[in-house]
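Thanks, everyone, for making the time. I would like to walk through one structure with you, sheet by sheet, and then stop at a few single residues.

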Amino acid sequence: MSAPTLWQGYQVAAATRGLETSTHDWHASGFSLDTRTLKPGEIFVAIEAERDGHDFVPQAFKAGAVAALVSRPLDQGLGPQIVVKQTLTALEALAAAARDRNFGTLIAVTGSAGKTTTKEMLRHALSPAGQVHAADKSFNNHLGVPLTLAALPASAPMGVFEIGMNHAGEIRGLTTLVKPHIAIITTIAAAHLEFLGSMEAIADAKAEIAEGLRRGGFVVLPADSPYLAQLMTRCREAGVSGLMTFGEAGRDARLESADVSPDGLMVKADILGQPITFRLHAQGLHMASNAVAALLAAGLAGVDIQDAAGALEHFRPDKGRGATQDITLGDRTITLIDESYNANPASMRASLSVLSSVKGGRKIAVLGDMLELGPDAPTLHADLAAPAAESADSVFTAGSLMEHLRAALPEPKRGVHAENAEELLQVLLDNLKDGDHVLFKGSNASKVGLLVRSLIAASSGH
């Protein structure tokens, strides 16, 4: 069964104002920037970045690309090419054209943590309305957002777009491209302090998402954030009057309780005046809060809230974002809590609270460096000592910044420290006991995720 047609050749040429080299009709099912993940029938976009995508065009055609978007023509025998002035600008033009031919509801998500998880929750919560278009991965930057938007089917009733940033101004350009009907800010936390300088600057940067909002649209804001008033002010300055809040103090979506159950949480909430109870297959108050935000957005998009909550019960956390897995090491069964995708002080505290809530067995935390925190990084790491000591029986650390946390921990709570996370593999294999719960958390560059994969690979059955 072939993938449905998303773009025809003449449409790509028209949207990009490019020169089409082929004289025969062709159609595409999507786009790719990477020959390693390209699917047959997709258009390969030759982006000039650290490596020039034009060097990979022959490989793209061998992998089944139906055409290539290029800024300089290559061998005509390779296959159809659309020649444009600049390929990223052309991709953005395709994204704008896809947006304008779609009459569904578009939702954009940003925040210092929880963006991808909330996007996935929305994928489920919106599904009663029909097809939900969203990227399978965390495509939230200047390449990923236009790539996801360009692949938006004209008939999709719902589209969800994750929008990230490292510097001020980045969200402004991306939200202006998406033009969402609804925007969500999940939280404001100490992420990217190195580039932005202050928490207030982070809040301002996240509030840029309101600047692309369509007239009459809604911005969903975290009521429990100390920066709520600042976010509201910035949104109003952007001309937005539809301000909605969620969380324990939420006015429009109030999280009333999140009780731990064997397979997750039983959540009670009030969404747009409607009492709702649902099961969430995830742990942590932050997960429940994100789910409430997703249900509020679904309600604003016209989805029945009871139906949305029922669909949300099919949500499961992804690897690195709260996924829980039991593994067998010899005669020991260990429960892994994989939060290794990324980390900042707020998400680290949230993950430690999840570890604190588990029942039975020892509680072990394996923590890697939190990066991009600027000159306050040592203090921000040391400040985790109290929640870490309260949540874990033993705290293993990896990286030079985590030495500050280790030094601040009570002696009995200090596990082994290593400069590299993978150096902890043998230590864990030697020291873990049956029934242990082990939390893994750190910034991507700390390589805690690789440690998780190595531990799983060392288990029985792998």
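What follows is a tour of two sheets, the helices that lie on them, one aromatic pair and two buried residues.

Please keep in mind throughout that this is a predicted model, and that what I quote is computed from its atoms.

Let me begin with the five-stranded sheet, which is open and has the order β2-β7-β6-β5-β4, with mixed pairing. The strands at its edges are β2, residues 19-20, and β4, and each of them has a single partner strand, so one side of each is left without a neighbour in the sheet. If we look at the β2 edge, we find that β2 pairs with β7, residues 81-83, in the antiparallel sense over two bridges, and that Leu19 has Val83 of β7 as its bridge partner. Two helices belong in this part of the picture. Helix α3, residues 87-100, packs on the sheet and touches β4, β5 and β6, its direction making about 120° with that of β6. Helix α1, residues 9-16, lies across β2, β5, β6 and β7, and its course is at about 15° to β7.

Strand β4 also takes us to the aromatic rings. How many aromatic pairs does a search of the whole structure find? The search finds one. It is formed by Trp7 and Phe31, whose ring centres are 6.4 Å apart and whose planes stand at 70°, so the pair is edge-to-face; the cut-off behind that word is a plane angle over 60 degrees. The pair links distant parts of the chain, since Trp7 sits in strand β1, residues 7-8, and Phe31 in β4, residues 30-32, with these positions 24 residues apart in the numbering. Trp7 and Phe31 are both buried.

Now to the other sheet, an open one of nine strands, which again has mixed pairing and follows the order β9-β10-β8-β11-β12-β13-β14-β15-β16. Its edge strands are β9, residues 132-134, and β16, each of which pairs on one side only. On average, neighbouring strands of this sheet are turned by 20° against each other, with direction ignored.

Within that order, I would draw your attention to β13, residues 242-247, where six of the six residues are buried. Gly242, Met244 and Phe246 point one way from the strand, while Leu243, Thr245 and Gly247 point the other way, and all of them are buried. Strand β12, residues 218-222, runs parallel to β13 and is joined to it by five bridges, with Leu221 standing opposite Thr245. Further along, β14, residues 253-261, pairs with β15 in the antiparallel sense over eight bridges, and there Ser261 stands opposite Gly264.

At the β16 end we meet helix α11, which lies across β15 and β16 and runs at about 10° to β16. At the start of this helix, a side-chain oxygen of Asp304 comes to within 3.1 Å of the backbone nitrogen of Gln306. Which residues of α11, residues 305-312, are buried? They are Ile305, Ala308, Ala309, Ala311 and Leu312. These residues cover an arc of only 160° around the axis, which puts them on the same side of α11. Among the elements that cover them are α4 (115-125), β15 (264-271), β16 (274-280) and α10 (285-300).

I will finish with two single residues. Asn140 lies in the loop between β9 and α5, and its relative accessible area is 16%, so Asn140 is buried. The side chain of Asn140 makes a polar contact of 2.9 Å with the side chain of Glu162. Apart from neighbours within four places in sequence, Asn140 is in contact with Lys115, Val145, Glu162, Ile163, Gly164 and Leu174.

The second residue is Leu177, in helix α6, residues 170-178. Is Leu177 buried or exposed? With a relative accessibility of 12%, Leu177 counts as buried. Again leaving aside neighbours within four places in sequence, the contacts of Leu177 are Glu92, Ala95, Ala96, Arg99, Pro146 and Leu149. As a last distance, the C-alpha atoms of Leu177 and Ala93 are separated by 9.2 Å, although these residues are 84 residues apart along the chain.

Key: Residues numbered from 1 in each chain as written. Predicted model: local features only at pLDDT ≥ 70, side-chain atom pairs only at ≥ 80, totals over all residues. Heavy atoms only, no water. Buried < 20%, exposed > 50% of the residue type's maximum accessible area, 1.4 Å probe, protein only. Helix = DSSP H or I, 4+ residues; strand = E, 2+ residues; numbered from the N terminus. Arc of directions from axis to C-beta. Contact = heavy atoms within 4.5 Å. Polar contact = N/O pair within 3.5 Å; in protein donor to acceptor, adjacent residues only side chain to side chain. Pairing = 2+ DSSP bridges. Axes fitted to C-alpha atoms, helices over the stretch in contact; angles between N-to-C directions. Phe/Tyr/Trp six-rings, centres within 6.5 Å; stacked < 30°, edge-to-face > 60°.
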